[in-house]
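Welcome! Take a look at the structure below, then try the exercises at your own pace.

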Amino acid sequence: MTRIAGLAGNRGRNLLRLDDLAPGGAEIGVVVTTDADAPVLADADERDIPTEVVEPRDDESRRDHERRVLDALDGHGADLICLDGYMRILSDTFLDAAPTTLNVHPSLLPSFPGTDAWGDALDAGVSVTGCTVHVVTDATDDEGNVVESEVDAGPIVTQEPVPIYDGDDRESLKDRVLSEGEFKAYPRAVKWFAEGRATVDEAAGEVRVEGDAGGQFPARRVETADRAAELRYGENPHQDAALYADATCEEASVVDAPQRNEGAKGMGYNNYNDADAALNLVKEFDRPAAAVIKHTNPAGCATAETLADAYDCALATDPKSAFGGIVALNRTCDRATAELVVDSFKEVVVAPGYDDDARAVLFEKDNLRVLDVSASGAGGTDGELGDVTEPTTEKDLVGGRLVQERDLQAPTRDDLDVVTDREPTDDQYESLLFAWQTIKHVKSNAIVFADGTETVGVGAGQVSRVDAVEIAKMKADSDAEGKSAEGAVMASDAFFPFPDAIEAAAEAGIEAVIQPGGSVNDDDVIEAANERDMAMVFTGTRCFRHD
């Protein structure tokens, strides 16, 4: 365990933060201050952290005072020294005898190295400042006098940028640099040292951190985003919300897609969320495709020879649930498709372009938002959605963020492992692969019934897989228009833990199944399929979607 000796001059808020977080298992072993009235002493006492006070004497040299500080540290077993508002320049007398010593400075060094870094940043008119954690090096001459050019000039461990906003003053910026900068950067640096990942190369004047080499999942992430819109509200009216844009995105996106019917009401939080889900689904297919989304789940999806037919088949899966939904198309919207879209209430339609006749039809609906991703400034072109280029997806958590590779799996017939006595027919193979690409966009536990290249029933977001089968069966029997589960295929986003879901699917008329496989009960599931003369293929890969 790494023991930290903290040298503080006043409140020691960074040291208290380190004590709260214990980054890398590090703990504060002692707090030393030069002021008997420093507030950090009382806070340290409340936390049962040992304290030492070493006040400078009027006739005492810098080096003599440092020797007394070293004496105070003796016996506390410090592995790392962390300065926090310790307003004394250290010489080689201290630094040569002590472990690695770190300091945090409230600017992005080498910019604004002085004692009023916040005011200097404001006076300079910069839009970004931040903080720097660096190794403390000797900034004195042989007589112990301060060499100003050497102050805060040690090797940089890490930095954290902090924006400067209109209306900021010294105090507001100071508080933000602490809470948004130092509270992130200092624990990060300490964690690296505590884990043995940071190495100080004194000869080169560098700090090297194992694993901090960038890539898709770097050890630290620094990013910015520009507010693209202030939204009317969030998921619910009592929640404020805003939309932020990533200017580096090269893929067709709803984020900066213009709303063609400018007189209609603007997009809301849920509209953007659902429209993004719908657009990502139709990107899966090369043929004309349409999807109707409700609460980020597909109410229906289909591909066909024409866009209008694809939409008609997608809508027919569950026209009741499609009321108030989001429509996504992967081709230029024509009049025939537009007339079908406006036949019932929809919130948003998103497509890579609209012909004049389609616009005339769609614009008749006052509350239908018409988004054009061909003009989004990303990868869309008129009539085409372009390539999928964003490699990762993200989800914000309270206090953090999950980042993962995007699920771009697209198995072919050759990738599927037939595990039953009966092999799927050619038509069933086509339908199974369509269902698999669709189910990637259905919230888990997920089941999709499909016939040809159109959905028949969707069971989404259930805590039991057999329940998802029953819902898909109910949707197919009760809500689908002109469709039936009889003779259809079924996709499951994860393996079947028991044969009950296969039994329920057979009762619905399902004749072929695609699933990942991998359950300890695979043999029982396969046996249940064989007993019902069902074909089953394994993908070897699941496709959970949990948000």
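Here are three exercises on this predicted model, each with a worked solution.

**Exercise 1.** Find out how strands E1 and E2 pair, and over how many bridges.

Solution. Begin with E1, residues 3-8, and set E2 beside it: the two strands pair in the parallel sense over six bridges. To line them up, look for glycine 6, which stands opposite valine 31 in E2. Next, follow the chain between them: E1, helix H1 (residues 13-21) and E2 form a β-α-β unit that is right-handed.

**Exercise 2.** Describe the surroundings of strand E2, and say which strand valine 31 faces at threonine 51.

Solution. Start with burial: E2 covers residues 27-33, and six of its seven residues are buried. Now turn to strand E3 (residues 51-53), which pairs with E2 in the parallel sense over three bridges. Valine 31 has threonine 51 of E3 opposite. To get from E2 to E3 the chain passes through helix H2 (residues 39-46), in a right-handed β-α-β crossover.

**Exercise 3.** Check the span of helix H13, then explore what surrounds this helix.

Solution. H13 has 14 residues (465-478), so at 1.5 Å a residue the expected span is 20 Å; the end C-alpha atoms are 20 Å apart, which agrees. At the start of H13, a side-chain oxygen of serine 464 comes within 3.4 Å of the backbone nitrogen of valine 466. Buried residues of H13 include Val466, Ala468, Val469 and Ala472. Among the elements covering the buried residues of H13 are helix H8 (307-317), strand E20 (447-451) and helix H14 (500-508).

Terms used
Residues numbered from 1 in each chain as written. Predicted model: local features only at pLDDT ≥ 70, side-chain atom pairs only at ≥ 80, totals over all residues. Heavy atoms only, no water. Helix = DSSP H or I, 4+ residues; strand = E, 2+ residues; numbered from the N terminus. Expected span 1.5 Å × (residues − 1). Buried < 20%, exposed > 50% of the residue type's maximum accessible area, 1.4 Å probe, protein only. Contact = heavy atoms within 4.5 Å. Polar contact = N/O pair within 3.5 Å; in protein donor to acceptor, adjacent residues only side chain to side chain. Pairing = 2+ DSSP bridges. Right-handed = clockwise from strand over helix to strand, strands pointing away.
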